[in-house]
There are 4 protein chains.
Amino acid sequence: MTSYVEDKLHNYKEKHKDRARLLIHCPDQPGIISRVSDFLYTYGANIVASHQYSTDPEGGEFFIRIEFDCPGLETKFSQIEADFQPVAADFQMNWKMAAVSELKNVAIFVSKQPHCLLELLWEWQSGDLMANLALVISNHEDTREMVESLGIPFYHVPSNKEIRKEAEQRHKELLEEYEVDLIVLARYMQILTPEFVESYRNRIINIHHSFLPAFVGARPYERAYERGVKMIGATSHYVTNDLDEGPIIEQDIGRVDHRDHAEDMKKIGQTIERSVLARAVKWHLADRILVHQNKTIVFS
Amino acid sequence: MTSYVEDKLHNYKEKHKDRARLLIHCPDQPGIISRVSDFLYTYGANIVASHQYSTDPEGGEFFIRIEFDCPGLETKFSQIEADFQPVAADFQMNWKMAAVSELKNVAIFVSKQPHCLLELLWEWQSGDLMANLALVISNHEDTREMVESLGIPFYHVPSNKEIRKEAEQRHKELLEEYEVDLIVLARYMQILTPEFVESYRNRIINIHHSFLPAFVGARPYERAYERGVKMIGATSHYVTNDLDEGPIIEQDIGRVDHRDHAEDMKKIGQTIERSVLARAVKWHLADRILVHQNKTIVFS
Amino acid sequence: MTSYVEDKLHNYKEKHKDRARLLIHCPDQPGIISRVSDFLYTYGANIVASHQYSTDPEGGEFFIRIEFDCPGLETKFSQIEADFQPVAADFQMNWKMAAVSELKNVAIFVSKQPHCLLELLWEWQSGDLMANLALVISNHEDTREMVESLGIPFYHVPSNKEIRKEAEQRHKELLEEYEVDLIVLARYMQILTPEFVESYRNRIINIHHSFLPAFVGARPYERAYERGVKMIGATSHYVTNDLDEGPIIEQDIGRVDHRDHAEDMKKIGQTIERSVLARAVKWHLADRILVHQNKTIVFS
Amino acid sequence: MTSYVEDKLHNYKEKHKDRARLLIHCPDQPGIISRVSDFLYTYGANIVASHQYSTDPEGGEFFIRIEFDCPGLETKFSQIEADFQPVAADFQMNWKMAAVSELKNVAIFVSKQPHCLLELLWEWQSGDLMANLALVISNHEDTREMVESLGIPFYHVPSNKEIRKEAEQRHKELLEEYEVDLIVLARYMQILTPEFVESYRNRIINIHHSFLPAFVGARPYERAYERGVKMIGATSHYVTNDLDEGPIIEQDIGRVDHRDHAEDMKKIGQTIERSVLARAVKWHLADRILVHQNKTIVFS
């Protein structure tokens with residue numbers, strides 16, 4: 001199985017070896033696109049997709065995502081990135097340039113429930129999740145076998161209130177060792193400390209098992225059942241230090257009816273959780289998401 | 001237009017003159033269906049649809065909705081209803097029998113925004129809302145013309161905090177005069193008193209412009225925008241004295257994205273509100289809804 | 001993993017040891033429900049759910065699905081079934097009584113693409129597919145490992161036009177050996193002979209990768225791409241001898257846009273195929289489906 | 001009502017008096033965006049939204065939609081449009097520049113069924129359909145009143161096989177008189193001649209009451225019922241001379257079940273038709289649609 005996935009990832013990188021993405025956020029003003037596209041043109045780059053959005057023509061915010069092909073990108077990338085800095089400075093840009101063939105390193109955190117982890121593993125095996133699944137960290141042993149059978153390192157790091165500091169210390173070591181770019185909390189039931197969250201700002205994606213802001217906090221399915229709602233949902237978001245209050249990336253819902261108990265809702269909800277989390281992760285990996293004022297701009 | 005609708009309603013009543021519905025809620029025990037179906041059979045009734053649901057086989061609650069055809073129902077209905085009382089007593093039933101040709105009298109309350117009212121009027125004209133639209137009551141004059149143009153009486157009853165009592169007194173007179181069975185709050189922006197709500201228990205349907213329990217209370221679209229949600233919704237529910245906490249009948253949602261401001265969300269939301277309210281009203285009119293412990297059982 | 005699933009199945013059977021289902025289709029007339037419910041009452045059975053549907057009150061068809069609990073069912077089931085025969089005869093019923101604890105034996109046929117097989121295996125492991133997954137038959141070796149790792153027998157039976165007869169002979173032997181009740185074609189790319197189909201009438205479920213009747217036949221995603229549709233779908237149906245013309249059980253769709261090539265549509269479609277097939281299989285296993293005039297009645 | 005709509009349209013035009021849209025389709029090559037954005041920058045224009053899509057980086061097709069604000073657009077628009085011609089020529093562009101405040105003139109064709117017409121009128125009254133509803137043409141008198149009550153001219157032009165030529169002659173006169181930009185067939189049940197279609201190429205939008213390519217042609221709901229589908233749909237498309245084969249703009253579906261007869265499907269379908277047609281019309285009015293090889297690129 002592993003070599004099968006390796007082949008898929010290799011082909012993907014080969015196919016996109018000349019492709020890069022540029023994400024920009026800056027104060028709006030005339031001439032930004034002109035300047036950026038002139039810049040790329042001088043490197044022989046061809047813009048193959050671009051999406052731009054401004055909050056307001058007068059004194060607003062400017063957001064753009066550009067995909068471009070540049071022959072020989074591999075050898076030029078660092079130079080292009082360096083050369084772009086004065087352009088970025090002129091417009092006070094927050095920006096990021098990423099070579100598509102540089103796959104991001106992903107760590108998945110999971111507790112006992114495996115459904116979200118399994119969905120990500122499934123997408124990855126199918127060649128739909130273009131990333132290095134660097135490692136899986138869990139406070140339980142339950143999912144070790146399914147992870148290791150795919151050749152992915154699995155680390156059991158016990159964690160609870162009492163040993164949170166020690167656990168996070170171990171997390172940090174592992175994340176540094178594997179040079180992790182993105183952390184996915186695939187139903188990881190432990191709280192992270194503010195320091196940890198801050199050091200991975202907008203790089204930790206969580207799945208909450210309700211349609212936020214309904215049922216913030218614990219036991220959302222039980223509370224949904226008690227309230228008698230006719231739909232349940234799931235929400236993926238970047239983690240901040242306000243519980244379930246981070247920037248929402250994606251949401252979806254499913255129908256339930258009076259016959260569905262909390263346990264049925266949980267099962268229906270798991271299907272929703274799986275797809276909502278997978279979409280968010282894929283969008284992040286494809287550099288489609290910008291965060292601004294606790295909201296996300298998702299370029300489709 | 002009026003005679004056109006009258007024809008539709010007349011044809012519907014004629015077609016269903018032998019049909020009745022029986023809704024039952026009682027403690028579960030063996031033999032209920034046997035007893036009820038035997039009872040109906042002795043009147044030559046043919047059960048054309050039935051849906052039954054029990055919360056739990058052991059010591060739970062039993063709910064059933066039966067549609068039956070009984071030749072000559074018109075002359076027998078009162079007798080059947082009377083004869084059913086001892087059966088109902090044996091099983092401690094909460095129950096209701098309704099002749100389909102006895103259309104319910106409906107009052108619509110509306111403030112300034114006409115979209116929900118218009119949807120109901122449109123469904124009614126199309127022959128999809130089988131009811132007598134007895135009257136429309138509003139605290140504004142805005143919708144008078146569209147209502148009266150369809151031959152429906154329109155009453156302007158000013159209402160606000162200061163004159164709530166007087167307004168409700170007038171409401172009650174009108175509702176009694178028109179023998180109203182169901183009140184639909186089609187974006188009626190005034191609070192009703194507990195006395196009023198109690199006297200129309202489970203007979204007042206409201207539309208709330210959010211996916212409850214998210215954004216209980218005022219300005220839900222503005223708050224949805226501020227939170228950065230990716231979906232907005234609407235909820236129809238029976239009115240109780242706890243704001244936006246009554247039994248939910250139906251919910252639905254629609255997608256929004258980062259480009260949608262509160263005003264855009266409001267427009268997208270109005271389409272959802274229209275259909276969610278119309279479905280709830282049609283289900284109530286078709287005797288499909290039972291309320292139990294602040295939840296609805298909706299027989300599809 | 002296997003013992004984990006065995007535990008789930010065992011618990012399910014234990015929990016439902018007194019429960020049975022009764023499916024009936026007969027000409028409509030007054031008194032059917034009365035007679036059937038009287039019959040069940042004499043055995044001390046409690047009806048816990050029932051859904052009835054008639055095509056037309058006058059001279060139509062009557063369909064009902066009943067779930068009932070009968071203490072000591074295990075020892076009484078055969079007798080109840082036998083005793084029901086004269087009742088059934090009086091009303092010319094097509095009928096079926098099934099003890100819920102008697103799990104159905106299921107054979108899955110698959111070719112190379114594993115996504116539908118994997119979904120079924122996943123649902124089964126999660127305790128959401130209540131069946132004995134008796135065996136998997138494939139004309140390729142690709143999925144052997146994932147099947148055998150769950151302790152399910154895997155048989156590689158090569159098949160193509162030239163050796164269809166021999167292959168089907170082998171299929172029949174295996175299906176008889178494992179006493180198979182239901183065959184699921186989880187993207188099995190071989191044609192079945194009319195004799196084979198006839199001997200498993202309404203017991204073979206196929207997934208077609210289009211929203212039937214659009215794109216009957218081969219290469220539906222390619223043709224969907226060429227036509228420029230904005231949505232693609234999947235359809236599960238019972239297999240008949242008219243290609244893709246059998247009774248439809250379930251359908252669903254997903255959105256695509258101008259950027260999606262046939263290959264993208266295929267990926268989006270696979271997610272739809274997975275859930276549409278799984279729903280159909282679960283409904284069949286729960287005895288929710290009746291077939292009448294090449295259509296299905298699905299009791300929800 | 002009329003003055004109410006006039007106010008809405010007036011405010012919209014005033015608010016967007018400096019805004020224009022530029023739609024381009026040409027062979028892909030590096031430098032297009034650079035050249036176009038430089039061009040706009042020289043006029044002091046600020047690009048407020050842009051979406052670009054290329055079919056393939058190597059030798060493919062390039063599509064872009066740009067919205068820009070240019071102070072004093074009203075007086076400069078013709079000049080900008082003229083000056084853009086050499087740029088367009090250099091890249092062999094098919095292109096269109098449109099001032100947002102220049103509302104398009106729309107003619108609606110309708111036969112007897114009013115639901116699609118009513119939806120468009122409703123959207124227009126609500127200020128969601130930014131166009132001049134110039135006139136309504138019908139081969140029946142049924143909808144005259146609802147149209148004229150809004151101050152929109154209504155023309156009854158009888159049409160059938162025998163008098164098609166005369167009818168189309170009258171249509172052409174009216175369309176020229178009102179300088180119509182877009183024709184919407186809101187359930188207009190007459191065939192148009194190839195000459196007529198050609199003269200409004202990609203400017204006639206039709207709603208077909210099925211999920212194309214399923215049920216091409218007449219009586220789709222009856223055929224959907226006969227086939228036993230579990231979902232029905234609607235499709236809006238540009239009209240070509242191949243029946244129901246024009247470029248698809250939008251599709252949507254809704255669920256039905258075994259209880260729904262053709263007549264029920266028709267009612268459920270009408271709701272879908274309404275929204276699918278309205279979306280297509282709004283996208284066309286907002287210059288969001290490009291047609292290429294019998295498919296649409298819809299910029300969201």
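User: Which residue of chain A comes closest to the rotation axis, by C-alpha?

Analyst: This is a predicted model in which local features need pLDDT of at least 70, side-chain atom pairs count only at pLDDT 80 or more, and totals for chains, interfaces and linings use all residues; side-chain values use heavy atoms, with hydrogens and water left out. Residues are numbered from 1 along each chain as its sequence is written, while chains are lettered from A and ligands numbered from 1 in the order in which they are written. The axis is that of the turn of 180 degrees that lays chain A on chain D. At 2.3 Å from that axis, the closest C-alpha of chain A belongs to His51(A).

User: What relation do chain A and chain D have?

Analyst: Copies are superposed by least squares on the C-alpha atoms of residues with pLDDT of at least 70 in both. Chain A lies on chain D with an RMSD of 0.0 Å after a turn of 180 degrees and a shift of 0.0 Å along the axis. That is therefore the relation of a two-fold axis.

User: Why do the copies A and D meet through the same surface?

Analyst: Contact here means heavy atoms within 4.5 Å. The copies meet through the same surface because the share of the interface residues of chain A that are also interface residues in chain D is 100%.

User: Where does the axis between chain A and chain B pass, judged by the C-alpha of chain A nearest to it?

Analyst: Chain A superposes on chain B by a rotation of 180 degrees with 0.0 Å of shift along the axis, at an RMSD of 0.0 Å. In chain A the nearest C-alpha is 2.2 Å from this axis, and the residue is Ala214(A).

User: How much area do chain A and chain B bury between them?

Analyst: The contact takes in 33 residues of chain A and 33 residues of chain B. Buried area is the accessible area (1.4 Å probe) that two parts lose on being put together, summed over both. Of this area, 54% is on carbon and sulfur atoms, and the total is about 2800 Å².

User: How many salt bridges does the rule find across the interface of chain A and chain B?

Analyst: The rule asks for a side-chain nitrogen of Lys or Arg within 4 Å of a carboxyl oxygen of Asp or Glu. One salt bridge joins Arg227(B) to Glu245(A), at 3.5 Å from N to O. Across the interface of chain A and chain B, the number of salt bridges is 6.

User: Which element gives the most residues to the side of chain A that touches chain B?

Analyst: Helices (H or I, at least four residues) and strands (E, at least two) are DSSP runs, numbered from the N terminus. The elements of chain A giving two or more residues to this side are helix H8 (220-227), strand E11 (248-255) and strand E13 (295-298). With 7 residues, the most comes from E11(A).

User: Which proline of chain A follows a cis peptide bond?

Analyst: The loop to look at lies between strand E9 (204-208) and H8 of chain A. There, with omega about 5 degrees, a cis bond joins Leu212(A) to Pro213(A).

User: What phi does Arg187(B) have?

Analyst: Arg187(B) sits in the loop between strand E8 (182-185) and helix H7 (194-199) of chain B. Although Arg187(B) is not a glycine, its phi is positive, at about 65 degrees.
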